[in-house]
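Here is a short set of exercises with worked solutions. Keep the sequence and the 3D view at hand.

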Amino acid sequence: MSLAAPSPRRRSRAAVVGAALLIATAVAITGGSAVATDTDGAGAGDRGTTREAAALTGSAKLYRSLGDDITFTFDAHLAAKDNGDPTKATGTFRFSHYLNGDGASADATVDCLLTGGKVAVVSGVITKSGLPGAEGLRVGVTVHDVGGKDRLGYSWASTGNPVEQPQLPKCVSSAPFEKVKAGTGDFKVLPWEPEF
């Protein structure tokens, strides 16, 4: 047995065999395909899944000193393949406002989602509501995800009622001026990372 270094030809053959073994191992582990992973930890998926472009999820009640029951719930997503067009967002959101048994709720289908850092603006068209004249109108909502102290704003802030606001473009809302009632907020904003 020789202690001399292997020849250059043997070293390159060993490198090729080693690389082939690494590739075969990687293919076996991933099930035979290359997989993009969520590297920043902010994605909605598990390890080995593609990170969606943006998302807004969760539910919370707003704080009101008079005891109004105002709730917002979101399930809005922008797929990775649609990263360049926030108007391809999908999902739904729901909001309701009741006081002493009076009030209404509304369901909306998402038509735009923009997020930046921990702030999201989502808009959608109301598909179902107990508020007369609301169905078919677009509304927008802004969420600031700051843990247990989330904030929220909505496009009808200056009019007091979605029916009384002017026709709204996609992804338009107000500043997040409302406070979430303590212990109720679990909004999660996944920041959008557009390719400029």
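The exercises below go from model confidence to the sheet, the aromatic rings and three single residues.

**Ground rules.** This is a predicted model, in which local features need pLDDT of at least 70, side-chain atom pairs count only at pLDDT 80 or more, and totals for chains, interfaces and linings use all residues. Residues are numbered from 1 along each chain as its sequence is written, and side-chain values use heavy atoms, with hydrogens and water left out.

**Exercise 1. Find the average confidence and the stretch with pLDDT below 50**.

Step 1. pLDDT is the predictor's confidence in each residue, from 0 to 100. The protein averages 81, and 76% of the residues score at least 70.

Step 2. Residues 1-47 have a pLDDT below 50. Beyond near neighbours in sequence, this stretch has 21 contacts in the model. Contact means heavy atoms within 4.5 Å.

**Exercise 2. Trace the sheet and name its edge strands**.

Step 1. Strands (E) are DSSP runs of at least two residues, numbered from the N terminus. Two of them pair if DSSP finds at least two bridges between them.

Step 2. The order is E8-E7-E6-E5-E4-E3-E2-E1-E9, an open sheet of 9 strands with antiparallel pairing.

Step 3. E8 and E9 (188-190) stand at the edges. Each has a single partner strand, so one side of each is left without a neighbour in the sheet.

Step 4. Check the E9 end. E1 (residues 54-61) runs antiparallel to E9, joined by 3 bridges. Thr57 stands opposite Lys188 in E9.

**Exercise 3. Describe the aromatic pair of Phe72 and Trp156**.

Step 1. Rings of Phe, Tyr and Trp (its six-membered ring) pair if their centres lie within 6.5 Å; planes under 30 degrees apart count as stacked, over 60 as edge-to-face and the rest as tilted. The structure holds 10 such pairs.

Step 2. Phe72 and Trp156 are stacked, at 6.5 Å centre to centre with 20° between the planes.

Step 3. This pair links distant parts of the chain, 84 residues apart. Phe72 is in strand E2 (residues 69-78), and Trp156 is in the loop between E7 and E8.

Step 4. Buried means under 20% relative accessible area, exposed over 50%, partly exposed in between (1.4 Å probe, protein chains only). Phe72 is buried at 2%, and Trp156 is buried at 7%.

Step 5. Both belong to one aromatic cluster, which also includes Phe93, Phe95 and Tyr154.

**Exercise 4. Is Asn161 buried or exposed, and what does its side chain reach?**

Step 1. Place Asn161 in the loop between E7 (151-154) and E8 (178-179).

Step 2. Its relative accessibility is 18%, so Asn161 counts as buried.

Step 3. The Asn161 side chain reaches the backbone nitrogen of Val163 at 2.8 Å. Leaving aside neighbours within four places in sequence, Asn161 is in contact with Leu131 and Trp156.

**Exercise 5. Place Pro176 and Ser105, and give their accessibility**.

Step 1. Pro176 also lies in the loop between E7 and E8. At 22% relative accessibility, it counts as partly exposed.

Step 2. Ser105 is in strand E4 (residues 102-116). It counts as buried at 16%.

Step 3. The side chains of Ser105 and Arg94 make a polar contact at 3.3 Å. A polar contact is a pair of N or O atoms within 3.5 Å; within protein, one must be able to donate a hydrogen and the other to accept it, and residues adjacent in sequence count only if both atoms are side-chain atoms.

Technical notes:
Helix = DSSP H or I, 4+ residues; strand = E, 2+ residues; numbered from the N terminus.
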